[in-house]
Amino acid sequence: MFKTFQRTLLVNYILGSGIAVFGVGGLFIFQTLELSSVEMTILFSIMVISGTMMAGLELLMYRRHVAPIRTACVVEFPSQAVLQQAFDQTSRFPVLTIKRIMGPHLFGLSLPAMLLSATAIHFSWIDLPYRMIGLAALGAVLIALLHALIEFFLTYRSVEPMLLHFQGKNGLLHQQPLQTTQRSLSVRTKLLVSMLVIGMLPVMLFMLASGVQLSTVEQVDAYWGWAALILVVIVGVATFSSILLYDSIKRPLGALTEGVASLDAGQLRPIANPYADEFGQLVTGFNHMVENVTRRETENEQLLNSLFVLLAATLDARDSYTAGHSERVAAYSVELAEALQMPVHEVELLRKSALLHDIGKIGVRDDVLLKEGRLTDDEFAQIQEHPTIGIHILNQITLPDSLQPILAGVRSHHERIDGNGYPDRLAGDAIPLFGRIMAIADAYDAMTSDRPYRQGMPTEKALAILESGRGTQWDANFVDVFIELRRQTISA
């Protein structure tokens, strides 16, 4: 993997150097100046010497920059710290490429080339004015910028496979993800710099070439003043154009970012799509994903609800005289919760919890659960175990975190406000909210439902019993709201 990475970087370097240094730079020198064959040979030799020095400096910097990456690739079982350092260095490599090019270009290419050219002029090996050296230095800076820009974007493509390699290796060895700690250049910065270089470079090279051609004209000073004004206009146009281009990219990217953030927050919302380019295709794909996720969420919710109802019906089927008890308790609990203005998602969790509140009775023997007469103390103790049995059963399912709140209602729906309930003898607000609500709904349905050994009592009598137990057996505020709801139902 490391050899492939280095080979790609070498190809990038040759491509960038060929285009910028020997292509544009060579054309600028040899086609702009009127030189004899000897002078051309001397200038070419100067370019080769200074280019070799530049390549040597770049090689030294490259070895230092690539060292953490090489270490992580060579070591068979690198530590997570070594992989993280290599990952960060790889992420920074496009920016390091700019530093690796600009420094050697200026100090390895430009400075030696200027000194060698000045020496050649001094000894009359080439017939050029000294001011040409200054123009050449400016041209070298422009060539370096072009070279850096080319390799910057080529390196961005080259580092992606290496980043994926380090992520996979760290996941395999350490089972943890790697996250870069280095902030990359923003899209806005990339666009601005690219537009400035692309917009300025051709014009400045043309100006330099023109300045060389006019360097013997008396009006050369006026020419450079005009050139400077043109350059300012070009910089302004390039900057403005990059801002407009960035804005056209930022808006759809911002819409996609907000859409992803909504997904993370559990809100499945499609994105408005006024775009007709490639971003339009991305937004369309995102909206299709939202539609598919929404449909599957709906299907899963329907399946889950059906499962809860099925479990409740299976439990009630053990005793034909209590059939529908769990669903009625769930309906009463939901009605009370909505009157208390509980959040919608909590009301839905409460409904599921109420449907399963007696699931632990599956673990109670039929001769005890279905006994029509008075229960003995031992038999009643067995009945009192059903909340803990229910929790044990539900724990075997490994409920997701989103459904964990239903366990509190299953366990605590027989607790009393005065602390004399079961199984944990909780008191007051220590009893979970779901348990306090379901206790009222459970008691009311038990009192008003027919049994083989007794007739269900009238609503008013059941409500009177609830009222007499407010503050001792049941939550006083909840009892008051429940009684008001029942009386409104009777009078309706």
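Me: Let me start with a definition: a residue is buried under 20% relative accessible area, exposed over 50%, and partly exposed in between. With that in hand, why is Ile49 called partly exposed?

Reply: This is a predicted model, and the computed relative accessible area of Ile49 is 43%. That value lies between the 20% and 50% cut-offs, so Ile49 counts as partly exposed. You will find Ile49 in helix 2. Its C-alpha atom is 9.3 Å from that of Leu116, although the two residues are 67 residues apart along the chain.

Me: Let's stay with helix 2 and turn to the rings. What makes Tyr62 and Phe93 an edge-to-face pair?

Reply: A search of the whole structure finds 6 aromatic pairs. In the pair of Tyr62 and Phe93, the ring centres are 6.3 Å apart and the planes stand at 90°. Two rings pair if their centres lie within 6.5 Å, and planes over 60 degrees apart count as edge-to-face. Both conditions are met, so the pair is edge-to-face.

Me: How do you know that this pair links distant parts of the chain?

Reply: Tyr62 belongs to helix 2 (residues 37-74) and Phe93 to helix 3 (residues 80-122), with their positions 31 residues apart in sequence. Tyr62 has a relative accessible area of 14% and Phe93 one of 0%. The cut-off for buried is under 20%, so Tyr62 is buried and so is Phe93.

Me: Why is the pair of Phe380 and Tyr422 called edge-to-face?

Reply: Here the centres are 6.4 Å apart and the planes are at 80°. The distance is within 6.5 Å and the angle is over 60 degrees, so this pair is edge-to-face. Phe380 sits in helix 11 (residues 377-383), while Tyr422 is in the loop between helix 13 (406-412) and helix 14 (433-448), so the pair ties together parts that are 42 residues apart in sequence.

Me: Are those two residues buried, or are they partly exposed?

Reply: There is one of each kind. Phe380 has 39% relative accessibility, so it counts as partly exposed. Tyr422 has 14%, so it counts as buried.

Me: What makes the peptide bond from Tyr422 to Pro423 stand out?

Reply: That bond is cis, with omega near 10°. Most peptide bonds are trans. Pro423 is in the loop between helix 13 and helix 14, and Arg425 is placed in that loop too. Phi of Arg425 is near 55°, a positive value in a residue other than glycine. With a relative accessible area of 54%, set against the cut-off of over 50%, Arg425 is exposed.

Me: How do you know that helix 8 has the length one would expect?

Reply: Helix 8 (residues 325-339) has 15 residues, and at 1.5 Å a residue it should span 21 Å; the end C-alpha atoms are 21 Å apart, so the two agree. The expected span takes one less than the number of residues. Among the buried residues of helix 8 are Val329, Tyr332 and Leu336. Tyr332 also forms an aromatic cluster with Tyr444 and Phe482.

Me: Phe482 has a charge over its ring. What makes Arg486 count?

Reply: The charged end of Arg486 is 5.3 Å from the centre of the Phe482 ring. The cut-off is within 6 Å, along with a limit of 35 degrees from the ring normal. Arg486 is therefore listed as sitting over the ring.

Me: What makes Gln341, just after helix 8, worth a look?

Reply: Gln341 has a positive phi of about 60° although it is not a glycine. Most residues other than glycine have a negative phi. Gln341 lies in the loop between helix 8 and helix 9 (344-355), and at 70% relative accessibility it counts as exposed.

Me: How do you know that Ser353 is buried or exposed?

Reply: Ser353, in helix 9, has a relative accessible area of 0%, so it is buried. Ser353 and Met438 are 85 residues apart in sequence, yet their C-alpha atoms are 8.7 Å apart in space.

Me: Last one: which kinds of residue line the second largest cavity?

Reply: The search finds 2 cavities of 30 Å³ or more, and the second largest has a volume of about 30 Å³. Its lining divides into 4 nonpolar, 2 polar and 3 charged residues. Including Ile417, Gly435, Arg436 and Trp474, the lining holds examples of each kind.

How values were computed
Residues numbered from 1 in each chain as written. Predicted model: local features only at pLDDT ≥ 70, side-chain atom pairs only at ≥ 80, totals over all residues. Heavy atoms only, no water. Phe/Tyr/Trp six-rings, centres within 6.5 Å; stacked < 30°, edge-to-face > 60°. Helix = DSSP H or I, 4+ residues; strand = E, 2+ residues; numbered from the N terminus. Buried < 20%, exposed > 50% of the residue type's maximum accessible area, 1.4 Å probe, protein only. 1 Å grid on protein atoms, 1.4 Å probe; cavity = no way out; pocket = protein on both sides within 12 Å on 5 of 7 lines; lining within 4 Å. Points joined across faces, edges and corners; volume = space filled by probe spheres on them.
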